[in-house]
Amino acid sequence: MVGSALVRRLEREDVTLITADRDDVDLRRQQQVEDFVSDARPQAVFLAAARVGGILANDSFPGAFLYDNLLIASNVIEAARRYGVEKLLNLGSTCVYPKFAPQPIPENALLSGPLEPTNQWYAVAKIAAIKLCDAFRRQYGCDFISAMPTNLYGPHDNFDLDSSHVIPALIAKFAQAKAEHGKEVIVWGTGTPRREFLHVDDCADALVCLMRRFSDEGPVNIGTGTDVTIRDLAELIAQISGYRGNIVFDPSRPDGTPRKLSDVGRLTALGWRPGISLREGLAQTYAWFERECHRARVKTPVDPVHAGRNA
Ligand code: GDP
């Protein structure tokens with residue numbers, strides 16, 4: 001999702017784009033990464049690749065979330081150092097911060113308390129990647145920086161209910177309920193946790209801004225600086241979809257961290273602001289999902305829930 005948004009954004013710049021497709025390079029294999037980087041010789045690298053997933057996926061596959069993300073980061077960051085990449089931007093997520101970090105979360109909250117247990121595996125790998133960039137900056141003078149986007153959403157997200165984040169899950173659930181005149185949609189948890197959401201095209205724009213204008217140790221948060229409850233989010237998506245049935249909360253599912261709002265002072269000091277409101281971004285993503293779903297249905301009779309899955 002982030003990779004394709006970055007490609008869309010970078011097509012507007014005077015650059016030659018090189019992408020490492022999953023089928024061509026397995027970023028968990030050091031030799032493959034070294035061969036790719038030594039051959040392509042990029043001047044700048046956006047490290048957007050990762051094993052990512054929502055609250056259930058993180059909790060269910062701890063080994064894969066920790067191991068894959070450690071290897072991807074180590075291999076790419078070391079190859080960038082070895083082959084003289086001038087600038088590297090390493091992407092993480094605001095879930096690297098402690099579960100009970102002050103809200104909004106400042107970057108200096110990193111490593112100041114215990115992590116949220118449901119996503120600690122991913123977070124530990126991402127914290128190691130931030131520290132590797134900082135260590136290479138100190139030891140070798142590499143201009144490697146780290147950005148921590150908040151919860152992202154948009155086209156090419158993962159809409160699979162078992163592994164997705166909340167927005168694609170709710171888009172898929174409400175679209176299906178609307179199409180089948182369902183009487184209720186189940187929303188996980190209590191509906192009270194608060195989350196901040198950023199459209200992936202805004203994120204790509206912020207990443208280009210950081211690549212140009214930022215050079216220092218430590219993470220930089222990327223977000224809107226505003227959050228909503230999961231209940232408000234569900235009601236908004238229901239409204240956009242036109243679904244009129246009940247919304248039922250399932251408290252047997254985990255809430256995760258109670259609140260995750262980023263302090264975006266470091267980013268806004270560079271002059272960057274988001275351009276897409278939550279309502280506008282959700283409506284656009286809902287329309288994208290319906291289009292993809294429709295296309296998939298015309299081609300083959302597939303489960304609509306899985307139709308948008310190509311992240
Ligand atoms: P998190 O931000 O790391 O906790 O990841 P998620 O995006 O997966 O979950 C955010 C919040 O949305 C949590 O409180 C979930 O319990 C809640 N949520 C409600 N319904 C769903 C759903 O259908 N799928 C997911 N993934 N989360 C949901």
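## Glu 78 and its partner

Let's start with Glu 78, which is buried, at a relative accessible area of 14%. That sits below the 20% cut-off for burial. Keep in mind that the model here is a predicted one. Which residue does the side chain of Glu 78 meet in a salt bridge? It's Arg 81, with N and O 2.9 Å apart.

Arg 81 is partly exposed, at 26% relative accessibility, so this bridge joins a buried residue to a partly exposed one. Both residues belong to helix H4 (residues 62-82), and because they are three residues apart, about one helical turn separates them.

## A bridge across the chain: Glu 13 and Arg 212

The Glu 78 pair has company: searching the whole structure turns up 17 salt bridges. One of them pairs Glu 13 with Arg 212, and their closest N and O atoms are 2.4 Å apart. Glu 13 sits in the loop between helix H1 (2-10) and helix H2 (30-40), while Arg 212 is in helix H7 (residues 200-213), so the contact ties together parts that are 199 residues apart in sequence.

How accessible are the two ends? Glu 13 comes out as partly exposed, at 23% relative accessibility, whereas Arg 212 counts as exposed, at 52%. The pair doesn't stand alone, either: Glu 13 and Arg 212 are linked with Arg 9 and Asp 205 in a network of salt bridges.

## Arg 194 and Asp 227

Another salt bridge runs between Arg 194 and Asp 227, with 3.2 Å between the closest N and O atoms. This one also links distant parts of the chain, 33 residues apart: Arg 194 is in strand S6 (residues 194-195), and Asp 227 is in the loop between strand S8 (219-222) and strand S9 (228-229).

Here the acid is the buried end, as Asp 227 has a relative accessible area of 14%. Arg 194, at 30%, is partly exposed.

## Helix H6

Now for a helix. H6 covers residues 166-179, 14 residues in all, and spans 20 Å from its first C-alpha to its last, close to the 20 Å expected at 1.5 Å a residue.

Why is H6 described as largely enclosed by the rest of the structure? Because ten of its 14 residues are buried. Among them are Ile 167, Leu 170, Ile 171 and Phe 174, along with several alanines, including Ala 169 and Ala 172. Lys 173 is on the buried list too, as is Pro 168. Just past the end of H6, His 181 adopts a positive phi of about 50 degrees.

Key
Residues are numbered from 1 along each chain as its sequence is written. This is a predicted model: local features need pLDDT of at least 70, side-chain atom pairs count only at pLDDT 80 or more; totals for chains, interfaces and linings use all residues. Side-chain values use heavy atoms; hydrogens and water are left out. A salt bridge is a side-chain nitrogen of Lys or Arg within 4 Å of a carboxyl oxygen of Asp or Glu. Helices (H or I, at least four residues) and strands (E, at least two) are DSSP runs, numbered from the N terminus. Buried means under 20% relative accessible area, exposed over 50%, partly exposed in between (1.4 Å probe, protein chains only). The expected span of a helix is 1.5 Å times one less than its number of residues.
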